[in-house]
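Subject: Structure for your review

Dear colleague,

Please find below the structure I am handing over to you, together with its sequence. My notes on what was found in it follow.

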Amino acid sequence: MSRIAMFGGTFNPPHRGHVEAARACVRALALDCILLMPAGIPPHKQLPANTPSAVHRLRMTELCAREIEHARVCTLELEREGKSYTADTVRELKKRFPDDTLWLVVGDDMLESFARWREPESIAAICRLAALQRKPEKERDIERAAQQLRLSIGARVDIVKNPVLPLSSTQYREGQNGEMLLETVQRYICHHGLYRPRPALDEVRLRMGRILSDRRLQHTLRVEQEAAELARIWKEDEYEARLAALLHDCAREMPVEKQLNLLEKYGIIIQYDSKEYPQLLHALTGSVLALREYGAPPSVAQAIRSHTLGSPGMSLLDKILFIADSIEPGRAYPGLEQLREKARRDLDSAVIDNMEQTCAYVCAQGKRPHPDAYLALDAMKREKNNERA
Ligand code: ATP
């Protein structure tokens, strides 16, 4: 019989208060497992307008779970359509773990409102409550609220002594004090430009319409659709996939000389002879423009940077843009349909196939593939082999 706790929250973003609270529960309740469960659409609160997508909240929660012994992330609530009720979640957990002891972890704020949740008696019948203090002045209140629930609905409440860190996600969203977050979460937020104003996709589409030829614009819009679909399939952030696609060719029609001047303006040194591969320069220039002039986050700039050749250590977003550019339905080459189908089934293999085909095509034209193309291909193959091992 295992001892399992469920720690749900919007984790928007997850902060040190959550991490310390989870650690305290593991210690105090001798847990075998604590399940961090990001909520989908929580019934008791409206998510604020700048809330990152579920994908991002999930990944930030995963970064925290790495730092907590016995923690795992559970996507049960994120996968549920519509509003997510704790009563349904604990019933589902009981089905999955029928013989184990279950706890529901709640902060003092949640404990006080618990009797007003949907089906509090059913929840209390299935699992024990682990109550955490959030504010220094709440010590007495938490004991009182626990006692009331014991008497009114027969709840079994364990008060867990935790380091009281009066932090909340709201505080971060309103003041962006990075110190209240784990460093990994802080870096993640910067990389993806979360909790900041971000470029509106309609606006970017209009800007592309002004600078690109009609043919290139149509290609760009098809890449956007393709990237959005792949993002939904592979659980990547759809907004970032669309933004990366819309901007990926923003420097494609710029004369090489102008691109070189622009790169110089931003102090960027090119490591290869731009004369040998002039058609590749736009990936670098495009990424710089995306970051500096269109307000895109580094994650998007990085995907644009690697969309022509790929790069070692490609992120999911990088792979999606790379392949979406090659398989958008306006392309025409033998094997396109198979590659489109493969990208939906096995993304990494599709990326590898595409890299190999491109190198073979360049060789067949009597040219030398760019050395970075081989570096990217080798890295992808190694990643694939490690996955298999
Ligand atoms: P928001 O400010 O957006 O309302 P939050 O900081 O309260 O967010 P949630 O994700 O809503 O965080 O919280 C998930 C769970 O963690 C809740 O049960 C909450 O009471 C508890 N919790 C949040 N912050 C702390 C903290 N500093 N100490 C202990 N428990 C906490």
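A residue is called buried here when its relative accessible area is under 20%, and exposed when that area is over 50%. By that criterion, strand β1 (residues 3-9) is mostly covered, with 5 of its 7 residues buried. Please bear in mind that this is a predicted model.

Overall architecture

The protein contains 19 helices and 6 strands. Its C-alpha trace spans about 80 × 40 × 30 Å along the principal axes. Of the 389 residues in the protein, 50% are buried. The accessible surface comes to about 19,100 Å², and carbon and sulfur atoms contribute 50% of that area. Among contacts with a separation of 6 or more, 70% are between residues 24 or more positions apart.

The sheet

The 6 strands form an open sheet in the order β3-β2-β1-β4-β5-β6, and their pairing is parallel. Strands β3 (71-73) and β6 (157-160) stand at the edges; each has a single partner strand, so one side of each is left without a neighbour in the sheet. From one strand to the next, the twist averages 30°.

Strand β1 pairs with two strands that deserve a closer look. With β2 (residues 33-38), β1 runs parallel and is joined by 6 bridges; within this pairing, Gly8 has Met37 of β2 as its bridge partner. Between these two strands the chain passes through helix α1 (residues 16-28), and the resulting β-α-β crossover is right-handed. With β4 (residues 101-107), β1 is again parallel, here through 4 bridges, and Ala5 lies opposite Trp103 of β4.

Strand β4 is in turn joined to β5 (residues 128-132) by 5 bridges, also in parallel. In this pair, Val106 stands opposite Ala131 of β5. Helix α4 (residues 86-96) packs on the sheet, where it touches β1, β2 and β4, and its direction makes about 155° with that of β1.

A helix pair

Helices α11 (residues 214-234) and α17 (residues 336-345) have axes that come within 9 Å and cross at roughly 35°. Helix α11 contributes Glu226, Glu229, Leu230, Ile233 and Trp234 to the contact, while α17 contributes Arg340, Ala343, Arg344 and Arg345. Classified by type, the residues of this contact comprise 4 nonpolar and 5 charged ones, with no polar residue.

With kind regards

Definitions and conventions. Residues are numbered from 1 along each chain as its sequence is written. This is a predicted model: local features need pLDDT of at least 70, side-chain atom pairs count only at pLDDT 80 or more; totals for chains, interfaces and linings use all residues. Side-chain values use heavy atoms; hydrogens and water are left out. Buried means under 20% relative accessible area, exposed over 50%, partly exposed in between (1.4 Å probe, protein chains only). Two strands pair if DSSP finds at least two bridges between them. A crossover is right-handed if, with the strands pointing away from the viewer, the path from the first strand over the helix to the second runs clockwise. Axes are lines fitted to C-alpha atoms, for helices over the stretch in contact, and angles run from 0 to 180 degrees between N-to-C directions. Contact means heavy atoms within 4.5 Å. Ala, Val, Leu, Ile, Met, Phe, Trp, Tyr, Cys and Pro count as nonpolar, Asp, Glu, Lys and Arg as charged, and the others, Gly among them, as polar. Accessible areas come from the Shrake-Rupley method with a 1.4 Å probe; for residues, only the protein chains shown count as cover.
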